[in-house]
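Grab your viewer and work through these exercises one at a time. Try each task before you read its solution.

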Amino acid sequence: MLIKNQIYEATIVDYTAEGQGVAKIEGCAVFIPNAIVGEKCTVRIEKAQKTWAAGKIVELLEKSPHRVNRECPVAKLCGGCDFWHMDYEEESRLKADRVKAALNRIGGENLTELPILSAPTCYGYRNKAQYPVAAKKGRAYTGFYRAGTHSVVESGRCLILPEITDKVKDAVLDYVNQYRVTVYDEATQKGLLRHIFVRKGEVSGQILVCLAVNGRKLPHVPDLIDRLKQIPGFTTLVISVNTKDTNLILGDEFITLYGPGYIEDTLCGLKFRLSPRSFYQVNHHQAQRLYQAAIELAGITKDDTVLDLYCGVGTITLSMAAAAGKVIGVEVIPQAVADAKDNARRNGIENAEFFCGDAGEAALALAKEGIHIDVAIVDPPRKGLNADAIEALAQIAPRRIVYVSCDPATLARDVALFKARGYALQKAMAADLFPRCAHVESIVAMIKE
Ligand code: SAH
């Protein structure tokens with residue numbers, strides 16, 4: 001076992017799923033943040049367990065050619081991004097490698113290469129911002145959570161956000177400080193404003209502002225609206241009532257104070273209505289490329305019936321409607337299903353049906369009915385597919401399954417489960433929707449053998 005506080009020499013050989021460097025010291029895996037594969041360094045051990053340890057770089061003995069100066073001044077403190085210390089070439093490589101390694105190690109595949117849809121820019125790509133609000137000496141400020149904590153570190157520009165969302169945040173803060181609107185304190189559970197949530201339509205330019213409030217009312221709302229109206233694109237202001245002691249940002253009740261309570265945006269040539277709660281990929285450009293890849297991998301024809309499980313507001317479902325005979329979307333959040341139906345209407349799409357329910361249960365019900373599905377798309381949250389969803393899909397037996405995933409490990413697990421039920425991996429690729437952050441999306445096509 002390694003000894004806490006002792007200094008060891010290490011070579012970085014791999015990355016964790018969270019983007020930390022991994023070194024092997026005396027047979028023990030050591031996790032080291034801000035490290036790049038190939039680098040040699042001395043490391044101080046901060047936590048030592050039997051099979052693993054955590055450490056920090058003391059001195060870099062050999063720098064990677066991929067190391068760069070951090071452009072973000074708070075990168076080391078902030079729990080948001082992971083990769084400002086390396087160039088984008090290395091980030092893309094490691095993301096593709098992570099998906100490939102998961103499919104090989106957990107999925108039992110034998111892939112030598114795995115392509116990645118790299119992002120054209122690392123700056124200003126996020127169309128959604130969620131600023132935690134805190135107060136010091138009676139003055140409200142926003143920032144980011146210090147990694148692994150809920151203490152808010154005040155910060156200036158966030159490079160992955162567009163400037164306009166910062167302007168919205170500043171306008172809300174000016175109002176809060178002028179009228180001394182109270183700020184929520186997690187310790188006492190007192191105070192009103194918790195988070196400032198901003199969503200911007202990339203194509204429409206429309207801006208939705210949603211304030212997470214520990215209550216149902218804010219003071220001097222007309223003045224807040226006047227300030228927000230100065231910002232080009234401001235469309236709607238909503239309160240999300242969140243009075244619970246919870247880590248969730250948005251509560252269950254929404255009160256619209258100005259505008260329609262939602263914005264619109266265009267994705268893959270279709271118009272979508274977006275409420276605060278609707279799932280919508282944060283990187284518009286890369287989401288379009290990912291969905292385009294999904295459509296191509298699905299190989300749909302005009303006679304096909306397509307099932308889209310975990311369909312959200314119907315982005316993928318509706319993008320596939322024109323190529324298919326019929327598309328069916330299943331989603332568990334009622335508001336998202338309502339949005340999906342509305343999105344079908346506003347795009348004049350008549351061959352789409354949406355059901356609200358658990359994907360596994362809905363797929364089992366469809367399997368029982370003996371429905372014929374030619375192609376299935378799944379895009380589950382990180383935990384991957386439920387066992388009953390896999391069982392039901394195997395019963396429905398579509399000729400092709402396209403799996404969009406935000407966690408390579410659960411994707412690989414599910415690929416192995418489908419393999420045991422007669423499906424073979426046909427193509428796999430990674431897509432970078434979160435430059436500078438460790439998350440990576442991936443997409444695979446499986447065909448029935
Ligand atoms: N395909 C959509 C949404 C993907 S996100 C898009 O790309 O925009 C995953 C979606 O799965 C979310 O909308 C979430 O609400 C939904 N979801 C989570 N658990 C679910 C379950 N058990 N059954 C059905 N949908 C679920």
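**Exercise 1.** Which backbone has a polar atom 3.1 Å from a nitrogen atom of the ligand?

Solution. A ground rule comes before the search: this is a predicted model, where local features need pLDDT of at least 70, side-chain atom pairs count only at pLDDT 80 or more, and totals for chains, interfaces and linings use all residues. Residues are numbered from 1 along each chain as its sequence is written, and side-chain values use heavy atoms, with hydrogens and water left out.

- Step 1: look for polar contacts, which between ligand and protein are pairs of N or O atoms within 3.5 Å. The backbone you want belongs to Tyr310.
- Step 2: add Ala359, where a backbone N or O atom lies 2.8 Å from a nitrogen atom of the ligand.
- Step 3: move to the side chain of Thr315, which has an N or O atom 2.7 Å from a ligand oxygen.
- Step 4: check the cover. On its own the ligand exposes 570 Å², and the protein buries 88% of that (Shrake-Rupley areas, 1.4 Å probe).

**Exercise 2.** Find the order of the eight strands in the open sheet, then its edges.

Solution.

- Step 1: pick out the strands (DSSP runs of E, at least two residues, numbered from the N terminus). The order reads S6-S21-S22-S20-S19-S16-S17-S18, with mixed pairing; two strands pair if DSSP finds at least two bridges between them.
- Step 2: look for strands that pair on one side only. These edge strands are S6 (116–117) and S18 (352–356).
- Step 3: now add helix H8, residues 387–396, which packs on the sheet and touches S16, S19 and S21. (Helices are DSSP runs of H or I, at least four residues; contact means heavy atoms within 4.5 Å.) The direction of H8 makes about 175 degrees with that of S16, using lines fitted to C-alpha atoms, for helices over the stretch in contact, and angles from 0 to 180 degrees between N-to-C directions.
- Step 4: zoom in on the S6 edge. S6 runs parallel to S21 (residues 423–431) over two bridges, and Leu117 stands opposite Ala431.

**Exercise 3.** Is Thr305 buried or exposed?

Solution.

- Step 1: locate Thr305 in strand S16.
- Step 2: apply the cut-offs: under 20% relative accessible area is buried, over 50% exposed, and in between partly exposed (1.4 Å probe, protein chains only). Thr305 counts as buried because its relative accessibility is 16%.
- Step 3: leave out residues up to four places away in sequence and list its contacts; among them are Lys326, Ile328 and His372.

How values were computed. A polar contact is a pair of N or O atoms within 3.5 Å; within protein, one must be able to donate a hydrogen and the other to accept it, and residues adjacent in sequence count only if both atoms are side-chain atoms.
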